[in-house]
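Subject: Structure handover

Hello,

Here is the structure I said I would pass on. My notes on it follow below.

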Amino acid sequence: MLVEKPKRLSRPRLSASDVVEAIKSRDIKFVDIQFTDVPGRLQHFTVPSDAVVDGGMTSGLSKVDGSSIRGFLDISESDAVAMPDPSTFAVVPWRSSAARMIADVYMGGSHRLERDPRHVAQSAEAYLKDALGYSWSFWGPEMEFFIFDGVNWWSSEWEAGYRIDSSEGSWRRDGQGYKIRYKEGYYPVEPQDTLANVRDDIALTLQETFNVDVEAHHHEVATGGQCEVDMVYDTLTRMADNVMTLKYVAKNVAAKHGKIATFMPKPLYGDNASGMHVHVSLWGEGSNPGSAYNAFYDQDDQYAEISQTGRYFIGGLLDHAPSLAAIVAPTTNSYKRLVPGYEAPVYLTWGKSNRSAAVRVPSYYRGAAYSAAKRVEFRVPDPSSNPYLTFAAMLLAGIDGVRRKMDPGDPVDENVYHMSPQRKRQLGIRSLPGSLHDSLEALKSDKEYLKPVFDGSLLDAIIENGERELLAVESRPHPYEFHLYFDA
């Protein structure tokens, strides 16, 4: 089914000369150079704008000590160069006279740093074309996060704890406002939804300043300020850029409103956690100029208009899900989200419109008029993950499924959360790893599908970082353990 080539591909992108003109015309004094470390945190340094105008976009900026960036380089080979991407230029509204650009990281200015997450994303896009012949993949993550009024935490050898404050939290007893009950925060209007203006501000900043289109925003299920902002789909690397930009914007806009935003998956016990459900589709060039086709759409499929290619892609996601979890759910806190009872995708099955499955095929509409919207939704990732690595790993798992013709099995349209253990065994439904330890062990034994794009040393760094954080958490007494065991 041929359709008009998606407009996201033809959207104007700034060139180096456009950036130089913008810097001069808007009297920009400084440029923030941003990139992402392996765990997924945005890093930056700032240079005078002249450094960018006078060749910084062609020769790069030699200001990166790669040994000080988590996951990048050893101290014996630490010199790296940041090459700004002019298409990511934006004026930063909370800085007095500064713009930002996202950069690619090079070694000595001559070749790409294999561990640069943005390089991994770009390499995955190239591999898609080499491996399957498709020109593009499109991505649409649902970004869930919390906005609190305040958070305090403390940890030492003899003291540990945390406290979260939210004016709309169900636990708050201040006599002010309409509190949101646990698991009842989905779509309430103001004044119960106290964050609509903050989300408006986030969305407007993304659209008007950072060139990121927003599809919708709303309050999410949990009490205490859970939000969701959905961006309009884009290609893999661009969408990973957009995810990092959303995090950057949300945290700074929340701070402007006297609040604090967090993309930690499970900050609240007893309520829903934050996920990053990722929608993906593969596209090829059409036979007519300006046309393209969605490789996941099949008008003759009676179940969900999903093609055999789409089914094989799902098969790859499900087969590799235990090892994927180490990348897409990479923190110890991620596995406090991935437990039954909180709408989390614990079970490795698929179905149309089934939000209890790890993979869902959205089916809001049927028919050729909606062929471009046919996609697969992987519900395991959470927003603590590195989007460049998450999208790349998902794509590689799906490509492996297509190449090896992995059958995902029959779809499941029942609520898996309500199934008996016997019924799950009857259907052969597996579960995700229950801990970061288990997902890291799965990655150690199942990583061949990642190697066309993920450098072996990068995979080692991901595993080592996960094991280091796991040990740091597991070796410390938990405050609740005092409640359980102090009288032993």
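I start with a proline. Pro-362 sits in the loop that links β19 (357–361) to β20 (376–378). Please keep in mind throughout that this is a predicted model. With a relative accessible area of 4%, Pro-362 is buried, because buried means under 20%. Outside its neighbours within four places in sequence, Pro-362 touches His-279, Lys-374, Arg-375 and Glu-377. From Gly-56, which lies 306 residues away along the chain, Pro-362 is separated by 44 Å between C-alpha atoms.

A second loop residue is Asn-272, placed between β15 (260–262) and β16 (276–285). Is Asn-272 buried or exposed? Asn-272 has a relative accessible area of 6% and is buried. Its contacts, leaving out neighbours within four places in sequence, are Phe-146, Lys-183, Val-221, Ala-222, Gln-226, Tyr-342 and Glu-343.

Another asparagine, Asn-465, belongs to helix α11 (residues 456–474). Asn-465 is buried too, at a relative accessible area of 15%. Its C-alpha atom is 8.7 Å from that of Arg-70, although the two positions lie 395 residues apart along the chain.

Next, the helix pair. Two packed helices are described by the angle between their axes and the distance between the axes. For helix α3 (residues 117–132) and helix α8 (residues 387–403), the axes come within 8 Å and cross at roughly 20 degrees. Angles under 35 degrees count as roughly parallel, so α3 is roughly parallel to α8. The crossing of the two helices, α3 and α8, is left-handed.

Which residues make this contact? On the α3 side they are Pro-117, Arg-118, Val-120, Ala-121, Ala-124, Glu-125, Tyr-127, Leu-128, Ala-131 and Leu-132. On the α8 side they are Tyr-388, Leu-389, Ala-392, Leu-395, Leu-396, Ile-399, Val-402 and Arg-403. Of the residues in the contact of α3 with α8, 15 are nonpolar, three are charged and none is polar.

Last, the core. In soluble globular proteins, nonpolar side chains tend to be buried together. The largest nonpolar core here holds 127 residues, and Ile-202 and Phe-454 have the most contacts inside it. Neighbours within four places in sequence aside, Phe-454 is in contact with Val-120, Ile-327, Leu-389, Ala-392, Ala-393, Leu-396, Leu-459 and Ile-462. Among these, Val-120 of α3 and Leu-389, Ala-392 and Leu-396 of α8 also take part in the helix contact described above.

Regards

How values were computed. Residues are numbered from 1 along each chain as its sequence is written. This is a predicted model: local features need pLDDT of at least 70, side-chain atom pairs count only at pLDDT 80 or more; totals for chains, interfaces and linings use all residues. Side-chain values use heavy atoms; hydrogens and water are left out. Axes are lines fitted to C-alpha atoms, for helices over the stretch in contact, and angles run from 0 to 180 degrees between N-to-C directions. Helices (H or I, at least four residues) and strands (E, at least two) are DSSP runs, numbered from the N terminus. Angles under 35 degrees count as roughly parallel, over 145 as roughly antiparallel, 65 to 115 as roughly perpendicular and the rest as oblique. A crossing is left-handed if the near helix is turned anticlockwise from the far one by less than a right angle, and right-handed if clockwise. Contact means heavy atoms within 4.5 Å. Ala, Val, Leu, Ile, Met, Phe, Trp, Tyr, Cys and Pro count as nonpolar, Asp, Glu, Lys and Arg as charged, and the others, Gly among them, as polar. Buried means under 20% relative accessible area, exposed over 50%, partly exposed in between (1.4 Å probe, protein chains only). A nonpolar core is a set of buried Ala, Val, Leu, Ile, Met, Phe, Trp, Tyr and Cys residues joined through side-chain atoms within 4.5 Å.
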